Amino acid sequence: MDRPRGVQSRHPAVYALLAKRAGAFVCDDCGVVQYAGKWRWGAPPRVEIQTGRCPACQRIRERYPAGTIRLPRAFLERREEILHMIHNVERARKAENPLERLMEVKESGGRLVITTTGTHIARQIAHRLARRFHQKARIRYAADESLIRVDWEESAERRPAKPSRSARRRGDRP
Ligand SMILES: [Zn+2]
């Protein structure tokens, strides 16, 4: 999971440079278009076009996420619900900013680990999960805010909130 030291300070600058490329650009991998400094989906304008790989696809290729979210072990039993939630967040985010995407959702050491190509989508997923499960996330940024890591406090590692037995019994009463 952890990268060698020194890598973090160099890489974000490379991605920032890619993001500021001048003129129209079309990504070979995902087809996203950059024009007049903006990334968007759809057909490229009728101007000279450069091709290559967008920063999001570059990160995916290099397996270098901008966001890493490690969920508490207890969240694993709500996997389907969580997957549904994060895919919904991605759909909305990606439409707004094509460089904000999910990279991978995997199980590692009994936890779900989510990686993303952008920091905004990671923060949004963290907030949504925290709200849904009433467990505050711990969010850490790299010094230049180009990387984000989200974790949950060890003490918060209990079963996700569910209606308790007593609450259900109370609800069943006539
Ligand atoms: Zn791309």
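Colleague: In what order do the strands of the four-strand open sheet stand?
Modeller: In this predicted model, the sheet has mixed pairing, and its edge strands, β3 (38-40) and β4 (49-52), each pair on one side only. The twist from one strand to the next averages 25°. Read across the sheet, the order is β3-β2-β1-β4.

Colleague: Which residue of β2 stands opposite Val26?
Modeller: Strand β1, residues 24-27, runs antiparallel to β2, residues 33-35, and two bridges join them. Along this pair, Phe25 stands opposite Gln34, while the residue of β2 that faces Val26 is Val33.

Colleague: Which residue in the turn of the hairpin formed by β1 and β2 has a positive phi?
Modeller: The two strands of this hairpin have five residues between them. In that turn the phi is about 85°, and the residue that takes this positive value is Gly31.

Colleague: What is the bridge partner of Cys27 in β4?
Modeller: β1 and β4 run parallel, in contrast to β1 and β2, which run antiparallel. Four bridges join β1 to β4, and in β4 the partner of Cys27 is Gly52.

Colleague: What is the strand order of the open sheet of five strands?
Modeller: This sheet, too, has mixed pairing, and its edge strands are β6 and β8 (137-141), each of which pairs on one side only. From one strand to the next the twist averages 15°. The order across the sheet is β6-β7-β5-β9-β8.

Colleague: Which residue of β9 is the bridge partner of Gly67?
Modeller: Strand β5 pairs with β7 in the antiparallel sense over four bridges, and three bridges join β5 to β9, which run parallel. On the β7 side, Gly67 stands opposite Thr116, and the partner of Thr68 is Thr115. On the β9 side, the bridge partner of Gly67 is Ile148.

Colleague: Which residues of β5 point the other way from Gly67 and Ile69?
Modeller: In a regular strand the side chains alternate between the two faces of the sheet. Strand β5, residues 67-70, follows this pattern, with Gly67 and Ile69 pointing one way, and its residues are all buried. Those that point the other way are Thr68 and Arg70.

Colleague: Which helix gives the most residues to the largest nonpolar core?
Modeller: This core has 28 residues, of which Ile69, Ala122, Ile125 and Ala126 touch the most other members. At least two residues each come from α2 (55-62), α3 (79-96), β6 (102-108), β7 (111-116), α4 (119-133) and β9 (148-152). With six residues, the helix that gives the most is α4.

Colleague: Why does this core lie between two domains, and which domains are they?
Modeller: In soluble globular proteins, nonpolar side chains tend to be buried together. Here the core draws its residues from both domains, so it lies between them. The two are domain 1 (10-54) and domain 2 (65-156).

Colleague: Which residues does Ile69 touch, not counting those up to four places away in sequence?
Modeller: Ile69 is buried in strand β5 and is one of the core residues that touch the most other members. With residues up to four places away left out, Ile69 touches Ile114, Ala122, Ile125, Ala126 and Val150.

Colleague: What angle does the direction of α4 make with that of β5?
Modeller: Helix α4 packs on the five-strand sheet, where it touches β5, β7, β8 and β9. Its direction makes an angle with that of β5 of about 20°.

Colleague: Which residue just after α2 takes a positive phi?
Modeller: The buried residues of α2 are Pro55, Ala56, Cys57, Arg59 and Ile60. Just after this helix, a positive phi of about 50° is taken by Arg63.

Colleague: How many helices and strands does the protein have?
Modeller: From the N terminus on, the elements run α-β-β-β-β-α-β-α-β-β-α-β-β-α. The counts for the protein are five helices and nine strands.

Colleague: What share of the contacts between residues at least 6 apart in sequence join residues at least 24 apart?
Modeller: The protein has 174 residues, of which 28% count as buried. Among its contacts between residues at least 6 apart, the share that join residues at least 24 apart is 61%.

Conventions: Residues are numbered from 1 along each chain as its sequence is written. This is a predicted model: local features need pLDDT of at least 70, side-chain atom pairs count only at pLDDT 80 or more; totals for chains, interfaces and linings use all residues. A nonpolar core is a set of buried Ala, Val, Leu, Ile, Met, Phe, Trp, Tyr and Cys residues joined through C-beta atoms within 7 Å. A residue is buried if 20 or more other C-beta atoms lie within 10 Å of its own, exposed if 12 or fewer, and partly exposed in between; C-beta atoms are placed from the backbone. Domain bounds come from an automatic or database domain assignment. Two residues are in contact if their C-beta atoms, placed from the backbone, lie within 7 Å. Two strands pair if DSSP finds at least two bridges between them. Axes are lines fitted to C-alpha atoms, for helices over the stretch in contact, and angles run from 0 to 180 degrees between N-to-C directions.
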